[in-house]
Amino acid sequence: MRVIVAVKRVVDYNVKVRVKSDNTGVDIANVKMSMNPFDEIAVEEAVRLKEKGIANEVIAVSCGVAQCQETLRTAMAIGADRAILVQTDEELQPLAVAKILAALVAKEQPGLVILGKQAIDDHANQTGQMLAALADLPQATFASKVEVADGKATVTREVDGGLETLSITLPAVVTTDLRLNEPRYVKLPNIMKAKKKPLETVTPADLGVDAAPRLKTLKVAEPPKRGAGVKVPDVATLVNKLKTEAKVI
Ligand code: AMP
């Protein structure tokens, strides 16, 4: 079975992003970029399926600028066999990425496509679901456990107040939640090996995809600053303030 894993290059989760002064977006010039954390979990899961002998090839796919090659090399250092960069300097929205991935699904015929549940830059939580619709595949989102056997995946999902277990027929789309696994620490020899693994570069047009944005960002703004707190002398004053000022009780 072939597994496709989608990996997005995003601002590193440790970076405190700043809104641009013209409110058109956040400033990503000279900030550290890394693989989206949920996608690291996706790659780890795909590689574990290969190590168990369930998958025989893991393909990492990233869509975006030329530097996404670094993200793909990291995916191959974790254990992906080869990589595809769908290169463009244009802004890519979830629908465009889903269309690109759907074209690659048609070409590569994977048994499983694993994505992160959301990218930590746009927080869209849309790409996996849109891909499942476009490629007409079953989907199991927010996976915290995946077991593959007999042409089916049994996926445990984290839902409000508990766990839900689904059985889906392969090929299928799965998106990862935080507790699915703990990605391995990438060792230097594997980073060196990853440099020699094949990385193919194509454009959205090569795949017949119109990746033009469909949504326009009107404004990006900082959240309002929190005001300072006050100390109240007793419970009665607190209750009174909650009633009359905060109006929450
Ligand atoms: P989103 O719908 O933007 O929150 O992203 C959900 C998931 O879709 C991510 O965790 C990735 O697995 C995948 N994805 C989104 N954008 C890209 C991209 N530009 N390249 C590769 N994968 C992506």
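Which class does Asp-122 fall into at its relative accessibility: buried, partly exposed or exposed? With 37% relative accessibility, Asp-122 counts as partly exposed. Here buried means under 20% relative accessible area, exposed means over 50%, and partly exposed is in between (1.4 Å probe, protein chains only).

A word on the ground rules. This is a predicted model, where local features need pLDDT of at least 70 and side-chain atom pairs count only at pLDDT 80 or more, while totals for chains, interfaces and linings use all residues. Residues are numbered from 1 along each chain as its sequence is written, and side-chain values use heavy atoms, with hydrogens and water left out.

**The overall picture**

The protein chain has 6 helices and 11 strands; these are DSSP runs numbered from the N terminus, with helices being H or I of at least four residues and strands E of at least two. Its C-alpha atoms fill a box of roughly 65 × 45 × 40 Å along the principal axes. Of the 249 residues, 40% count as buried. Take contacts (heavy atoms within 4.5 Å): among those in the chain with a separation of 6 or more, 70% come from residues 24 or more positions apart. The chain exposes about 14300 Å², and carbon and sulfur atoms supply 53% of that; the areas come from the Shrake-Rupley method with a 1.4 Å probe, and for residues only the protein chains shown count as cover.

**Salt bridges**

Side chains of opposite charge can pair when their charged atoms come close. A salt bridge here is a side-chain nitrogen of Lys or Arg within 4 Å of a carboxyl oxygen of Asp or Glu, and the whole structure holds 18 of them. Three are listed below.

| Pair | Closest N to O |
|---|---|
| Arg-2 and Glu-108 | 3.2 Å |
| Asp-122 and Lys-8 | 3.4 Å |
| Asp-81 and Lys-50 | 2.5 Å |

Back to Asp-122, then. Asp-122 sits in the loop between β6 (112-116) and α4 (127-134) and its partner Lys-8 in the loop between β1 and β2 (9-11), so the pair ties together parts 114 residues apart in sequence. Lys-8 is partly exposed too, at 26%.

The Asp-81 and Lys-50 bridge joins the loop between α2 (68-78) and β5 (82-87) to helix α1 (residues 37-51), so parts 31 residues apart in sequence are tied together. Lys-50 is partly exposed at 30% relative accessibility.

For the third pair, Arg-2 forms a salt bridge with Glu-108. That pair links strand β1 (residues 2-6) with helix α3 (residues 94-108), 106 residues apart. Arg-2 is partly exposed at 28%, whereas Glu-108 is buried at 8%. Both belong to a salt-bridge network with Glu-57 and Arg-82.

**Nonpolar cores**

A nonpolar core is a set of buried Ala, Val, Leu, Ile, Met, Phe, Trp, Tyr and Cys residues joined through side-chain atoms within 4.5 Å. The largest has 36 residues, and those touching the most other members are Val-5, Val-7, Val-43, Leu-112, Val-155 and Val-174. Leaving out residues up to four places away in sequence, Val-174 touches a set including Leu-112, Ile-114, Ala-140, Val-155 and Ile-168. Apart from this core lies another, of 27 residues, with Ile-100, Ala-102, Ala-132 and Val-209 among them.

**A buried serine**

Ser-144 lies in strand β7 (residues 139-149) and is buried, with a relative accessible area of 14%. Not counting residues up to four places away in sequence, Ser-144 touches Thr-156, Arg-157, Glu-158, Leu-163, Arg-179 and Leu-180.
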